[in-house]
Amino acid sequence: MKEKLHRCLSCLMAIVLLLSTTSFKVEKHYCMGHLVDVAFFVDAQDCGMDLPLGDDMPASVEKSSCCASEVIAMEGQNDVKPSFNDFQLDQKVFLVAYTYSYIGLFEPLTKRNQTYAQYHPPKIVENIQLLDQVFLI
């Protein structure tokens, strides 16, 4: 029970950290009061009915465009950075050596060539040590 609660809380904290540090933008484009396009993280496409205000056309207050854009943006935190300056040189050397040796565990083993795989030893008919009277003392 305690282990499952620990896993749930750690996953929840990771999601909260991810959401608090991620920036996102939602842009909506309305044309004549109707929603035309919704875009996440990029600019929304307009409907092409925007009135361009050029140099030849005088800007007037009474003429307004029929289109409107709504932007919802949320800035994430940029100050959350891991600090690796706290490690001493010997700790860094140990960490690199440990990582290198741990990665070395997952290398595939080389297959040894078995030259005597089809060799069958001869059948022992008599005990040769007893015939020659050779005993280990």
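Is R7 buried or exposed? R7 is exposed, with a relative accessible area of 53%. That residue turns up again in the second view below; keep in mind throughout that this is a predicted model.

**View 1. The whole chain: three helices and three strands.**
Start with the overall layout. Going along the sequence, the protein chain runs α-β-β-β-α-α. Of its 137 residues, 6% are buried. The accessible surface adds up to about 13900 Å², and 62% of that belongs to carbon and sulfur atoms. As for contacts between residues at least 6 apart in sequence, 47% join residues at least 24 apart.

**View 2. Helix α1 and the salt bridge between E3 and R7.**
Helix α1 covers residues 2–21. At 1.5 Å a residue, its 20 residues should span 28 Å, and the end C-alpha atoms sit 29 Å apart, so the two values agree. How many of the 20 residues of α1 are buried? The count is zero, which leaves α1 hardly covered. Look for E3 and R7, whose side chains meet in a salt bridge at 2.9 Å, N to O. Both residues belong to helix α1 and are four residues apart, about one turn of the helix. E3 counts as exposed at 53% relative accessibility, and R7 is exposed with a relative accessible area of 53%. A search of the whole structure turns up three salt bridges; the other views of charged side chains come next.

**View 3. K25, E27 and D43 joined in one salt-bridge network.**
Side chains of opposite charge can pair when their charged atoms come close. Here K25 is the place to start. Its side chain meets that of D43 in a salt bridge of 2.8 Å, N to O. This pair links distant parts of the chain: K25 is in strand β1, D43 is in the loop between β2 and β3, and they are 18 residues apart. K25 also forms a salt bridge with E27, where the closest N and O atoms are 3.7 Å apart. What do the salt bridges that share partners do with K25, E27 and D43? They join these residues into one network. The network's members have varied cover: D43 counts as exposed at 55% relative accessibility, K25 is partly exposed at 23%, and E27 counts as buried at 11%.

**View 4. E27 and its neighbours.**
Now zoom in on E27, in strand β1, which spans residues 24–31. E27 is buried because its relative accessible area is 11%, under the 20% cut-off. Which residues does E27 touch, leaving aside those up to four places away in sequence? The list is D37, V38, A39, V42, D43, A44, S69, E70 and V71. One of these, D43, belongs to the salt-bridge network with E27. Another, V38, lies in strand β2 and comes back in the next view.

**View 5. A nonpolar patch on the surface.**
This view takes in a nonpolar surface patch of about 690 Å². Its makers are F24, L35, V38, F40, F41, V42 and M74. Which strand gives the most to the patch? Strand β2, made of residues 34–40, does, with three residues. Pick out V38, a member of the patch that sits in strand β2. V38 counts as partly exposed because its relative accessibility is 34%, between the 20% and 50% cut-offs. V38 is also among the residues that E27 touches, so you can use V38 to find your way back to the previous view.

**View 6. Aromatic rings along helix α2.**
The last stop is helix α2, residues 89–104. The count of aromatic pairs comes to two. In one, F94 and Y98 are stacked, 6.1 Å centre to centre with 25° between the planes. In the other, Y98 and Y102 are stacked too, at 6.3 Å centre to centre and 15° between the planes. Why are F94 and Y98 separated by about one helical turn? Because they are four residues apart in helix α2. Y98 and Y102 are also four residues apart in that helix, so about one helical turn separates them. Together, F94, Y98 and Y102 form one aromatic cluster. Within this cluster, F94 counts as exposed at 58% relative accessibility, while Y102 counts as partly exposed at 43%.

Key: Residues numbered from 1 in each chain as written. Predicted model: local features only at pLDDT ≥ 70, side-chain atom pairs only at ≥ 80, totals over all residues. Heavy atoms only, no water. Helix = DSSP H or I, 4+ residues; strand = E, 2+ residues; numbered from the N terminus. Buried < 20%, exposed > 50% of the residue type's maximum accessible area, 1.4 Å probe, protein only. Contact = heavy atoms within 4.5 Å. Patch = residues over 30% accessible without salt bridge, like charges linked within 9 Å, V, L, I, M, F, W, Y side chains within 5 Å. Areas by Shrake-Rupley, 256 points an atom, 1.4 Å probe, with all protein chains shown as cover. Salt bridge = Lys/Arg side-chain N within 4 Å of Asp/Glu carboxyl O. Expected span 1.5 Å × (residues − 1). Phe/Tyr/Trp six-rings, centres within 6.5 Å; stacked < 30°, edge-to-face > 60°.
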